[in-house]
Amino acid sequence: MGSLQHRLSAQPQASQKLQRLIEGRISQQGRVTFAQFMEWALYEPEVGYYEQGSPIGPDYLTSPHLAADFAQLLAVQIHQFWQILGSPTGFSVIEMGAGSGQLAWDWLTYVQTNYPPFWQALDYRILERSATLQRLQQERLAAFADKVGWWDGAEQDGIPDQSVTGCFFSNELVDAFPVHRVQVQGGALREIYVEVGESGFQEVVGELSTPALRQYFVRLGIPIESYPEGYQTEVNLKALDWLEWLARKLRRGYVLTLDYGHTADRYYSPHRSQGTLLAYRQHSTYADPYVQVGSQDLTAHVDFTTLQQVGEILGLQTLGWTRQSSFLVCLGLTERLAALSQATDTVDISQVLQRRQALHALLDPIGLGGFGVLVQAKGLTDLERTHPLQGFCEPERTR
């Protein structure tokens with residue numbers, strides 16, 4: 001691995017500062033859970049990964065940055081949510097974790113042009129914990145200053161309980177929540193901690209930091225302690241807190257979650273023995289989360305079974321679960337592709353081909369098309385709850 005000083009000298013200045021900051025904290029307080037390490041690495045003010053500007057483009061691409069069609073088709077579905085609820089005069093759409101603001105720009109532009117009554121009823125809010133990203137979003141969305149408002153992480157508990165009628169939605173949010181990492185050792189479930197050694201960060205296995213980790217698998221009915229020696233995986237306890245918060249704030253409406261992940265039987269299969277945690281940097285993936293801390297993204301896949309199970313307990317009823325490719329096709333993506341084939345000679349063919357390639361990327365089953373899409377609801381009448389949803393015309397029931 002080389003000396004610590006050599007590795008530091010090869011890192012950007014902000015990354016060096018963050019690494020020294022985290023090392024100092026661990027030296028003072030002792031080992032920390034991986035969830036705490038990940039929290040610092042991604043969200044530490046000024047030097048955390050998400051606090052250094054938009055990572056989208058330099059490190060990875062997301063659905064909204066391939067084509068405006070993604071945001072537009074989301075608008076089609078959320079407009080239907082509004083209609084199902086009786087087209088109320090006040091309807092909040094709350095985007096959680098808006099990244100660069102590109103999705104919001106495309107979404108708002110489309111709604112303003114195509115759904116004037118919905119536009120009049122709309123109150124668009126962005127919930128963003130990163131001050132850096134919030135500033136970037138405000139610059140990009142300046143033209144919509146009279147329609148868009150922001151809540152930061154410190155303000156989110158200032159939102160009154162049972163106050164939101166509308167839709168909470170997120171795209172690649174839950175995968176960025178800090179996760180605990182656990183390992184099977186001697187027939188028992190243990191937790192992976194981070195400490196500081198002579199050459200930098202190193203891992204050590206110890207007792208569980210909270211009984212909630214074992215309870216997580218009990219709820220799922222997964223006998224993880226019987227798994228092979230050395231089996232590792234992740235547990236996203238932050239997602240449970242997030243669901244509880246959503247259930248408290250939502251009075252009547254929907255939660256729409258798009259992210260990459262699996263049902264629990266696939267996520268916690270004995271054959272997935274090293275979990276799903278990955279680092280992203282410059283369009284490549286890495287297995288080592290301790291390299292260039294603060295200069296690479298850290299993510300873990302989403303356990304959609306838990307989102308559904310815990311959501312039901314909290315009063316968020318599951319209305320649909322499918323894959324992104326099916327979701328977008330049901331909302332009209334195939335028709336958009338067909339229209340491109342009718343392009344006339346007056347259209348720039350290079351732009352047509354670029355957009356066509358982007359739409360196919362949204363459908364790729366081993367890429368963005370394989371993302372999970374989950375819709376949950378609260379406070380709906382029986383008639384509203386059973387109303388067919390346009391994006392879930394072919395729901396995926398088991399996988």
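**View 1. E95 and its partner across two strands of the predicted model.** In this predicted model, E95 stands opposite I126, a residue of β3. The strands around this spot are β2, covering residues 91-96, and β3, covering residues 122-127. They run parallel, with six bridges joining them.

**View 2. The open sheet.** Zoom out from that strand pair and you get seven strands in an open sheet, with mixed pairing. Reading across, the order goes β4-β3-β2-β5-β10-β17-β16. At the edges sit β4 (148-151) and β16 (317-323); each has a single partner strand, so one side of each is left without a neighbour in the sheet. From one strand to the next, the twist averages 20°.

**View 3. Helix α11 on the sheet.** Here's α11, residues 304-314, lying across three strands: β10 (250-259), β16 and β17 (372-378). Against β17, the helix runs at about 5°.

**View 4. Where α9 meets α11.** Two packed helices are described by the angle between their axes and the distance between the axes. For α9 (residues 237-249) and α11, the axes come within 10 Å and cross at roughly 40°. That crossing is right-handed.

**View 5. Side by side at the α9 and α11 contact.** Which residues of α9 meet α11? On the α9 side, they're A239, L240, W242, L243, E244 and A247. Facing them from α11 are T306, L307, V310, G311 and L314. Sort the residues of this contact by character and you get eight nonpolar, two polar and one charged.

Key: Residues numbered from 1 in each chain as written. Predicted model: local features only at pLDDT ≥ 70, side-chain atom pairs only at ≥ 80, totals over all residues. Heavy atoms only, no water. Pairing = 2+ DSSP bridges. Helix = DSSP H or I, 4+ residues; strand = E, 2+ residues; numbered from the N terminus. Axes fitted to C-alpha atoms, helices over the stretch in contact; angles between N-to-C directions. Contact = heavy atoms within 4.5 Å. Left-handed = near helix turned anticlockwise from the far one by under 90°. Nonpolar A, V, L, I, M, F, W, Y, C, P; charged D, E, K, R; others polar.
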